[in-house]
Amino acid sequence: MDIQPIFDFPRPLHIEGLGIQLREWCADDVADLVALYDDPEIDRWTPVPSPFDAETARVYLAAAEQKAAEGQTVQLAITTDGERPQGEILLFRSAADARDVELAYGVGPAYRGRGLATRAVRLAVHFAKRRAGPRRVVLCIEDGNAASEAVAKAAGFVLTDEDPVRRVAKGREVVLRTWSHLEGAEAVSDWHRW
């Protein structure tokens with residue numbers, strides 16, 4: 001069965017608001033991507049390969065471009081100036097329910113503690129609800145990932161009572177809990193342009 005594109009809109013994609021800019025990755029971002037993702041916390045909580053070197057970054061960016069071209073996934077650099085990546089946010093169709101958009105994110109070690117992930121999630125929720133029309137926007141967070149749980153709460157998500165999602169990542173089973181965005185939780189005056 002062919003999966004229909006969920007993100008069918010003009011590119012390059014640039015989303016701005018809440019003091020940040022989300023933009024598509026480019027080939028010039030390899031060194032910055034390595035600095036963000038070659039990190040023990042990224043290795044611990046994400047399926048991103050580790051170690052994460054320049055060749056891994058080039059493969060990662062090529063895969064991101066392919067998925068974007070197919071309309072299946074959006075992977076955007078989180079920036080404060082539209083240039084230097086400080087993290088990443090992904091939007092994709094949920095494996096648990098194709099009517100939902102799932103978000104995932106990571107912020108580089110040098111940029112943590114600044115609210116970047118929360119702002120990026122809030123901006124991505126706003127974008128997804130208006131441009132992709134999902135039933136709901138969800139996060140799947142591994143039990144024990146207190147930082148991601150704090151981001152979820154701050155961005156207007158609540159933990160659901162759904163059965164945990166089980167995935168295999170890096171040779172181990174990962175048990176993820178589903179968080180759903182509350183309607184009306186995104187009311188913000190500093191919204192966007194894309």
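The following conversation goes through some of the reasoning behind the descriptions of this predicted model.

Colleague: Why is helix H1 called roughly perpendicular to helix H3?

Modeller: The axes of H1, residues 30–37, and H3, residues 54–69, come within 9 Å and cross at roughly 105 degrees. Angles of 65 to 115 degrees count as roughly perpendicular, and therefore H1 is given that description relative to H3.

Colleague: Which residues meet where H1 and H3 are in contact, and how do they divide into nonpolar, polar and charged?

Modeller: From H1 there are Val30, Leu33, Val34 and Tyr37, and these meet Ala54, Ala57, Arg58, Tyr60 and Leu61 of H3. The residues of this contact divide into eight nonpolar, no polar and one charged; Arg counts as charged, so the charged residue is Arg58.

Colleague: What makes H4 a helix that is largely enclosed by the rest of the structure?

Modeller: A residue is buried when its relative accessible area is under 20%, and 12 of the 16 residues of H4 are buried, so the helix is largely enclosed. Among them are Leu116, Val121, Leu123, Phe127 and also His126 and Lys129. H4, which covers residues 116–131, also gives the most to the largest nonpolar core, with nine residues.

Colleague: Which members of that core touch the most other members?

Modeller: Of its 50 residues, these are Leu22, Ile89, Leu91, Leu103, Val121 and Phe157. Leaving out residues up to four places away in sequence, Leu91 touches a list that includes Phe7, Val74, Val101, Leu103, Ala124, Phe127 and Ala128.

Colleague: How do you know that the span of H4 is close to what is expected?

Modeller: From its first C-alpha to its last, H4 reaches 22 Å, which is set against the 22 Å expected for its 16 residues at 1.5 Å a residue. Just after H4, Gly133 takes a positive phi of about 60 degrees.

Colleague: Why is Ser180 called buried?

Modeller: Ser180, which lies in strand E9, residues 172–181, has a relative accessible area of 11%, and since buried means under 20%, the word applies to Ser180. Beyond residues up to four places away in sequence, Ser180 touches Arg136, Val137, Val138, Gly156, Phe157, Val158 and Thr160.

Colleague: And what makes Thr79 buried?

Modeller: The relative accessible area of Thr79 is 0%, so Thr79 is buried under the cut-off of 20%. Thr79 is placed in strand E3, residues 73–79, and, with neighbours within four places in sequence left aside, is in contact with Ile20, Gln21, Arg23, Arg84 and Pro85.

Conventions. Residues numbered from 1 in each chain as written. Predicted model: local features only at pLDDT ≥ 70, side-chain atom pairs only at ≥ 80, totals over all residues. Heavy atoms only, no water. Axes fitted to C-alpha atoms, helices over the stretch in contact; angles between N-to-C directions. Helix = DSSP H or I, 4+ residues; strand = E, 2+ residues; numbered from the N terminus. Parallel < 35°, antiparallel > 145°, perpendicular 65-115°, else oblique. Contact = heavy atoms within 4.5 Å. Core = buried A, V, L, I, M, F, W, Y, C linked by side-chain atoms within 4.5 Å. Buried < 20%, exposed > 50% of the residue type's maximum accessible area, 1.4 Å probe, protein only. Expected span 1.5 Å × (residues − 1).
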